[in-house]
Amino acid sequence: MSEANPSATPTAIHFVSLGCPKNTVDTERMAGLARRQGLRFSPAAAEAEVIVINTCGFIEAARQESIETIVELAQHKHEGRCRLLLVAGCLAQRYPEELARELPEVDAFVGTADLGRLAAILEQRDLRVAERSAVGPAEGLAEADYARELCGPAHSAYLKISEGCNRPCAFCAIPLMRGRQRSRSVASLVAEAETLVARGARELILVAQDSTAYGRDLPRGEADLLQLLAALDGVAGLHWLRVHYAYPSLVTTALAEQMARLPRVVHYLDLPIQHVDDEVLRRMRRGYGAVQVRQALAALRAAMPAVAIRSTLLVGHPGETDEAHRRLCEFVSEAEIDHLGAFVFSPEEGTSAATQGDAVPAELAAERRDELMALQRTISRRRLQRLRGQVLEVMIDGVSEESELLLTGRHAGQSPGIDGAVILADASGAPGTLVRARVEGTSDYDLVARAV
Ligand code: SF4
């Protein structure tokens, strides 16, 4: 690109990252690539000559947000300085031709495993129209790409341990967009973790479509999540290692005990259970039932009595009867999960759930979601109240939005951006510093604590 712009000022590029943390990592890789090619980042889209939108295609609402963002930023090709508008990520992978037809302002679409093509596009001056929708297959692996430009703060970073997913969940189109599972090697993940720690990371959050399936695609016995955790636990300078997206039937006593044993692994697990009604789970093709969900929770709580669990539920899946919903509500009341989100089912093209009968009306599904979230609000408030008076280890994230005199942070049971925070009084330290603080107040989702 620098060749394409021989003037003294390097070409300005602006990134927009939509969707989940796995997409964030991809955006960070793309930004790292742009940096290596000599581009500079522009926080304002209006100032940028190149705009990259990394899209999400998870559900209808996410697709809609992606399209709206593209349409909005496409204005900069008419009114701003933009001369290259690129659309990357899940939506580009799934619908390149349709998008190319509908969105003429977009110069090229880049797939989920297309870093090499992005590099070529950024180097190119003139894009031929025929290449616009030529996204590559969702294959291959970025094993040694450590030059990520982090989107978030340096002290807390994601580490993507595998790409793709081999599961057949009936409602999910992700395998169609991200391909088969490809696990990275332990050695490359440890090397990336060390690089991130050297650049200031104190917390690493392992992400994948299914982190508990890590290594299953590698030659037999080469690695699994237990081994990976042990290897990453040895990275000097790291305070917290957090695991997201575990699959309930793969949460074993051995995994829970390994998490309990390793000092840097926090007692926290993001465990999307989706449902607990056996018939709904069968129709979802999750391969487990209510018994396995309860076993997973019991194994975690036996090994780590104070473990914090985050989960997600999918409501309104075809075949979810009133009775099935009631069972789910009873489970939520009884299981007392710390952090819970609920999504309304959306029929995704190409998935088997989209063609199953017994659809639940959208309005009813939304009511069910609201009922579950109201239930969870009470549970969250009650669980946080139990922490009053306790002294917790809190990682400082920065200055609180509420007051410059307060800091904000998280205890080990809170993942950034999704689980609430700890408002800290009388504390000082740079982001990533650990302090001890006594809980003095609670709200529905947050804690107030004073440094001790
Ligand atoms: S585990 Fe199921 S829901 Fe999760 S990404 Fe894979 S197919 Fe989708």
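## Starting with one residue

Does Asp358 count as buried or exposed, and how many C-beta neighbours does it have inside 10 Å? Asp358 has 10 such neighbours, so it counts as exposed; the cut-off for that label is 12 or fewer. Keep in mind that what you're looking at is a predicted model.

You'll find Asp358 in the loop that runs between strand 13 (339–344) and helix 13 (362–385). Its backbone is worth a look too: phi is positive, about 60 degrees, even though Asp358 is not a glycine. Most residues other than glycine have a negative phi.

Asp426 has a positive phi as well, near 60 degrees, and isn't a glycine either. Look for Asp426 in the loop between strand 16 (422–425) and strand 17 (434–442). Asp426 counts as partly exposed, because 13 other C-beta atoms lie within 10 Å.

## How the chain is divided

Now zoom out. The domain assignment splits the protein chain into domain 1 (12–131), domain 2 (156–385) and domain 3 (391–451). Between the C-alpha centres of domain 1 and domain 2 there are 29 Å.

Those two domains do meet: twelve residues of domain 1 are in contact with eleven residues of domain 2. On the domain 1 side, helix 1 (21–36) and helix 3 (90–94) each supply at least two of the touching residues. Helix 1 gives the largest share, with four residues. Sort the domain 1 side by chemistry and you get five nonpolar, four polar and three charged residues.

## Two sides of helix 2

Helix 2 covers residues 60–78, which makes 19 residues. From its first C-alpha to its last it reaches 28 Å, close to the 27 Å expected at 1.5 Å a residue.

Which residues of helix 2 are buried? They are Arg63, Ser66, Ile70, Leu73 and His76. These five cover an arc of only 115 degrees around the axis, so they sit on the same side of helix 2. Turn to the other side and you meet exposed residues: Glu60, Ala61, Gln64, Glu68, Val71, Glu72 and His78. The cover over the buried residues includes strand 1 (12–17), strand 3 (50–55), strand 4 (84–89) and helix 3.

Ala74 is also part of helix 2. With 18 other C-beta atoms within 10 Å, Ala74 is partly exposed. Leaving out residues up to four places away in sequence, Ala74 touches Leu85, Leu103 and Glu105. For a sense of distance, the C-alpha atoms of Ala74 and Gln227 are separated by 46 Å, and the two residues are 153 residues apart along the chain.

## Helix 11

Try the same kind of check on helix 11, residues 290–303. Its 14 residues reach 20 Å from first C-alpha to last, close to the 20 Å expected.

Here the buried residues are Val293, Ala296, Leu297 and Leu300. Why do they end up on the same side of helix 11? Because they cover an arc of only 90 degrees around the axis. Among the elements covering them are helix 9 (253–261), strand 11 (265–270), strand 12 (308–315) and helix 12 (322–335).

## Around the ligand

Last stop: the ligand. Surrounding it are Cys165, Arg167, Cys169, Cys172, Ile174, Pro175, Gln209 and Asp210. This shell divides into five nonpolar residues, one polar and two charged.

Key. Residues are numbered from 1 along each chain as its sequence is written. This is a predicted model: local features need pLDDT of at least 70, side-chain atom pairs count only at pLDDT 80 or more; totals for chains, interfaces and linings use all residues. Domain bounds come from an automatic or database domain assignment. Two residues are in contact if their C-beta atoms, placed from the backbone, lie within 7 Å. Ala, Val, Leu, Ile, Met, Phe, Trp, Tyr, Cys and Pro count as nonpolar, Asp, Glu, Lys and Arg as charged, and the others, Gly among them, as polar. A residue is near a molecule or strand if its C-beta atom, placed from the backbone, lies within 6 Å of it. The expected span of a helix is 1.5 Å times one less than its number of residues. A residue is buried if 20 or more other C-beta atoms lie within 10 Å of its own, exposed if 12 or fewer, and partly exposed in between; C-beta atoms are placed from the backbone. The arc is that of the directions from the helix axis to the C-beta atoms.
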